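Subject: Structure for you to look at

Dear colleague,

Here is the structure I said I would pass on. My notes on it follow below.

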Amino acid sequence: MPVLSIRALRKSFTLHTIDGRTVASLHGVDLDVEEAEHVALAGPSGAGKSSLLRCVHRTYLPDSGSVRLGDTELTSLPDRAMARLRGREFGYVSQFLSAPPRTGPLDVVAASARRRGLDPSEARDAAADSLRRLNLDETLWDVDCSVLSGGERQRVNLAAGTVRPPRLLLLDEPVSALDPANREAALDLIEALREHGVAVLAVFHDLDAMRRLATRVVLMRDGLIADQGAPADLLETV
Ligand SMILES: Nc1ncnc2c1ncn2[C@@H]1O[C@H](COP(=O)(O)OP(=O)(O)OP(=O)(O)O)[C@@H](O)[C@H]1O
């Protein structure tokens, strides 16, 4: 059974400030992601890549269609059950870190590890290990996240998303703010998740990251999957 199975997924938005106009972002997407598969979504701006990730995470509620994590249908799951499942089974790494006020990186990442089943002391050890792998300077571990730089926040986000690896990791441009050395460390960390069987669905605007990490590239256009295949075959057409 695939880790993630998406069928006939549709999403549109009603723009209440512009005469109630409707913008369609997904027109019926079918996609499976297997254990240890790293699928990169590619395609032009506005193709629906981020909308697809958000419908899986249910930041956006789809209009219709099915999103299954293993044998659990997510589109109809009550909000509280969805929140619990997100904490345990998903990592979602966007370009932006949302941390509670006056919370430092170590606490943010340890909280994520606790939601995935570690006890408090194991969670702190796992969090420290993740932050170290991403080269986040130890002097910053208890500093309020709101004062961190964009690249530092992105590394905290990645550490929280990948600590105690979840079953499914959703990545929306997770290395966009990183300098070359930190980007390499982040890509190494994501690549190593394959050994843990983690299924990854990702948007990278960076073709090198896609070449290095993707086991399959899915090309989206106008809210639909236009093509898919091995990175070497597909990326020349992107
Ligand atoms: N919250 C929203 N409200 C209104 N329209 C939206 C919203 N989110 C996405 N859209 C629209 O849905 C379409 C797909 O957007 P989406 O962000 O999924 O594309 P994308 O492929 O991720 O683009 P990019 O590569 O530029 O990030 C666009 O036309 C966009 O304007």
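In strand β6, Val93 stands opposite Leu171 of β7. The model is a predicted one, so please read everything here as computed from predicted coordinates. The two strands that hold this pair, β6 and β7, run parallel and are joined by four bridges. The side chains of β6 split between its two faces: Phe90 and Tyr92 point one way, Gly91 and Val93 point the other way, and all are buried.

The six-stranded sheet

β6 and β7 belong to an open sheet of six strands, ordered β6-β7-β8-β3-β9-β10, with mixed pairing. The edges are taken by β6 (90-93) and β10 (224-229); each has a single partner strand, so one side of each has no neighbour in the sheet. Ignoring direction, neighbouring strands here are turned by 15° against each other on average. Helix α5 packs on this sheet, where it touches β6 and β7 (168-172), and its direction makes about 170° with that of β6. At the other end of the strand order, β9 (residues 216-221) and β10 run antiparallel and are joined by five bridges. Within that pairing, Leu219 stands opposite Asp227 in β10.

The four-stranded sheet

There is also an open sheet of four strands, in the order β2-β1-β4-β5, and its pairing is antiparallel. β2 and β5 are the edge strands; each has a single partner, so one side of each is left without a neighbour in the sheet. β1 (residues 4-15) pairs with β2 in the antiparallel sense over ten bridges, and Ser12 has Ala24 in β2 as its bridge partner. Helix α1 lies across β1, β2 and β4 (64-69) and runs at about 70° to β2.

On the edge strand β5 (residues 72-73) sits Glu73. Glu73 counts as exposed, because it has 11 C-beta neighbours inside 10 Å. Apart from neighbours within four places in sequence, Glu73 is in contact with Ser66 and Arg68. Its C-alpha atom is 21 Å from that of His38, a residue 35 places away along the chain.

The ligand

Which residues surround the ligand? They are Phe13, Val23, Ser25, Ser45, Gly46, Ala47, Gly48, Lys49, Ser50 and Ser51. Two elements, β2 (21-33) and α1 (49-57), each supply at least two residues of this shell. The most comes from α1, with three residues. Sorted by class, the shell has three nonpolar residues, six polar and one charged.

Helices α5 and α6

How do we describe the packing of two helices? By the angle between their axes and the distance between the axes. For α5 (residues 150-162) and α6 (residues 180-192), the axes come within 11 Å and cross at roughly 10°. The two helices are therefore roughly parallel to each other. On the α5 side the contact is made by Gly151, Arg155, Leu158 and Thr162, and on the α6 side by Asn182, Ala186 and Leu189. By class, this contact has three nonpolar, three polar and one charged residues.

Loops on either side of α5

Two residues other than glycine have a positive phi and may be worth a look in the viewer. One is Asn135, with a phi of about 60°. Asn135 lies in the loop between α4 (120-133) and α5, and is partly exposed, with 14 other C-beta atoms within 10 Å. The other is Arg164, whose phi is near 45°. Arg164 is in the loop between α5 and β7. Is Arg164 buried or exposed? With 20 C-beta neighbours inside 10 Å, Arg164 counts as buried.

Pro165 is found in the loop between α5 and β7 too. Pro165 is partly exposed, with 18 other C-beta atoms within 10 Å. Not counting residues up to four places away in sequence, Pro165 touches Leu193, His196 and Val198. The C-alpha atoms of Pro165 and His205 are separated by 24 Å, with the two residues 40 apart along the chain.

Regards

Conventions: Residues are numbered from 1 along each chain as its sequence is written. This is a predicted model: local features need pLDDT of at least 70, side-chain atom pairs count only at pLDDT 80 or more; totals for chains, interfaces and linings use all residues. A residue is near a molecule or strand if its C-beta atom, placed from the backbone, lies within 6 Å of it. Ala, Val, Leu, Ile, Met, Phe, Trp, Tyr, Cys and Pro count as nonpolar, Asp, Glu, Lys and Arg as charged, and the others, Gly among them, as polar. Axes are lines fitted to C-alpha atoms, for helices over the stretch in contact, and angles run from 0 to 180 degrees between N-to-C directions. Angles under 35 degrees count as roughly parallel, over 145 as roughly antiparallel, 65 to 115 as roughly perpendicular and the rest as oblique. Two residues are in contact if their C-beta atoms, placed from the backbone, lie within 7 Å. Two strands pair if DSSP finds at least two bridges between them. A residue is buried if 20 or more other C-beta atoms lie within 10 Å of its own, exposed if 12 or fewer, and partly exposed in between; C-beta atoms are placed from the backbone.
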